[in-house]
Amino acid sequence: MKIYFCGTDFKAEPWLAALRAALPQAEIEVWRPGAPAGDYAVVWAPPQAFLDEQPQLKALFNLGAGVDALTQLTRPATTKLVRLDDAGMSVQMAEYVVHALIRHFREFDAYAADVAQGRWSYRKPHRREDFPVGIMGLGVLGQRVARAVQAFEFPLRGWSRSPKQVHGVRCYAGTEQLSEFLAESKVLVCLLPLTAQTQGILNRVTLAQLQAGGYLINVARGAHLVEEDLIALLDSGQLAGATLDVFRQEPLPAGHPFWRHPKITLTPHTAARTLRDESVAQIATKIARLERGEPIAGIVDPTKGY
Ligand code: NDP
Ligand code: OXD
């Protein structure tokens, strides 16, 4: 069995070593143009030329949960696209979102500013009943985040494509219930996949429907957000602030207004990192199952795009 590694932004050597250890029977190499036909590939944002040269691949294993970089490319219908299914990412995402939520709710930035000025001052505590948290996307990551937020007793709302029942979450589904979901949320967490339907979904119209003093946490993809609309809503006071981990252009270009905006906290696409050991173990198990003709979880549905 031949497996190619084609992972833009990933250092190949440690991945090759881990994959070879987990799949000792396989020949595992970095893909180079003109390489012979392979059976499987482990990829992150590969070039179209890779897929054009390797149409016989049985499956592509994406080194992340979001497959938007791959769904933009053309591949044969016979090549399955498989996303990472948690693989240690959901607990990191829960940590990140809870941290951003609580930092905002408890006004820790304002306390830090006071302390920097040598000021000993109290702020009136907010009521958590006044901070309903709305999670867009109730998939692997969204449901784990919901569980973590629940531990702090914030009211929770969730929105997905198909109707769901999630313990402790008031669930909404489909475009027809989007406005109701937004009106019931003050802190909005985006954990949607990037598809034609969700591109630009965080915009002037949708964000303005959040409860007064709304706060955005975007940890999904930069292209979900219309960046200039966010700035306008923050500057007008309609939104209280935002924590952003993902951007239309990454790295965020020098001089981009987000860098210095006083109401924006940003991080460099690090909310939930791909963990090598967990990911390799998951991929190796799935390859073994596919070779035995058994079903696997995490195959991207081409009609939905995630
Ligand atoms: P899943 O595929 O498990 O879940 C996606 C959820 O979004 C599902 O609940 C789905 O609804 C919902 N959804 C999809 N399309 C729509 C739509 N048009 N309208 C309403 N709801 C919709 O994805 P994950 O939870 O694993 O990951 C989510 C995203 O997080 C990834 O696609 C990626 O972009 C991002 N991510 C970011 C990371 C970071 O470090 N910043 C790290 C990892 C992932 P339904 O349940 O009905 O199908
Ligand atoms: C992912 C990511 O999709 O890291 O896994 O963004």
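# A tour of two sheets and two ligands

By class, 16 nonpolar, 9 polar and 5 charged residues form the shell around ligand 1; Ala, Val, Leu, Ile, Met, Phe, Trp, Tyr, Cys and Pro count as nonpolar, Asp, Glu, Lys and Arg as charged, and the others, Gly among them, as polar. The model is predicted, with local features needing pLDDT of at least 70 and side-chain atom pairs counting only at pLDDT 80 or more, while totals for chains, interfaces and linings use all residues. Residues are numbered from 1 along each chain as its sequence is written, chains are lettered from A and ligands numbered from 1 in the order in which they are written, and side-chain values use heavy atoms, with hydrogens and water left out.

**Stop 1: ligand 1**

Select ligand 1 and the 30 residues around it, where a residue is near a molecule or strand if one of its heavy atoms lies within 4 Å of it. Arg 83, Leu 141, Ser 162, Lys 164 and Tyr 306 come nearest.

Now display the polar contacts (pairs of N or O atoms within 3.5 Å; within protein, one must be able to donate a hydrogen and the other to accept it, and residues adjacent in sequence count only if both atoms are side-chain atoms). Arg 83 places a polar side-chain atom 2.5 Å from an oxygen atom of ligand 1. Two backbones also take part: a polar backbone atom of Leu 141 is 2.9 Å from an oxygen atom of the ligand, and a backbone N or O atom of Gly 139 lies 3.2 Å from an oxygen atom of ligand 1. Ligand 1 taken alone exposes 940 Å², of which the protein buries 92%; accessible areas come from the Shrake-Rupley method with a 1.4 Å probe, and for residues only the protein chains shown count as cover.

Next, colour by secondary structure: helices (H or I, at least four residues) and strands (E, at least two) are DSSP runs, numbered from the N terminus. At least two residues of the shell around ligand 1 come from each of α4 (89-105), α6 (140-150) and β7 (156-160). Which element gives the most to this shell? It is α6, with 3 residues.

**Stop 2: ligand 2**

Select ligand 2 together with Gly 64, Ala 65, Gly 66, Met 89, Arg 221, His 269 and Ala 272, which surround it. By class, this shell has 3 nonpolar, 3 polar and 1 charged residues. A polar backbone atom of Ala 65 is 2.7 Å from an oxygen atom of ligand 2, and a polar backbone atom of Gly 66 is 2.7 Å from an oxygen atom of the ligand. From the side chain of His 269, an N or O atom is 2.6 Å from an oxygen atom of ligand 2. Taken alone, ligand 2 exposes 210 Å², and the protein buries 85% of that.

**Stop 3: the sheet of 5 strands**

Hide the ligands and show β2-β1-β3-β4-β5, the order of 5 strands in an open sheet with parallel pairing; two strands pair if DSSP finds at least two bridges between them. β2 (27-30) and β5 (80-82) stand at the edges with a single partner strand each, so one side of each has no neighbour in the sheet. Neighbouring strands are turned by 20° against each other on average, direction ignored.

Within the sheet, β1 (residues 2-7) and β3 (residues 40-44) pair in the parallel sense over 5 bridges. Pick Gly 7 to find its bridge partner in β3, Trp 44.

Then add α1 (residues 12-22), which lies across β1, β2 and β3 and runs at about 170° to β2. Axes are lines fitted to C-alpha atoms, for helices over the stretch in contact, and angles run from 0 to 180 degrees between N-to-C directions; contact means heavy atoms within 4.5 Å.

Ala 45 is in the loop between β3 and α2 (48-53). Its phi is positive, about 45°, although Ala 45 is not a glycine.

**Stop 4: the sheet of 7 strands**

Move to the open sheet of 7 strands, ordered β8-β7-β6-β9-β10-β11-β12 with parallel pairing. Here β8 (170-173) and β12 (264-266) are at the edges, each with a single partner strand, so one side of each is left without a neighbour in the sheet. From one strand to the next, the twist averages 15°.

Strands β10 (residues 214-218) and β11 (residues 239-244) run parallel and are joined by 5 bridges. Tyr 215 has Gly 241 of β11 as its bridge partner. Helix α9 (residues 227-235) packs on this sheet, touching β10, β11 and β12, and its direction makes about 140° with that of β11.

End at Pro 251, in the loop between β11 and β12. A cis peptide bond joins Glu 250 to Pro 251, with omega about -5°.
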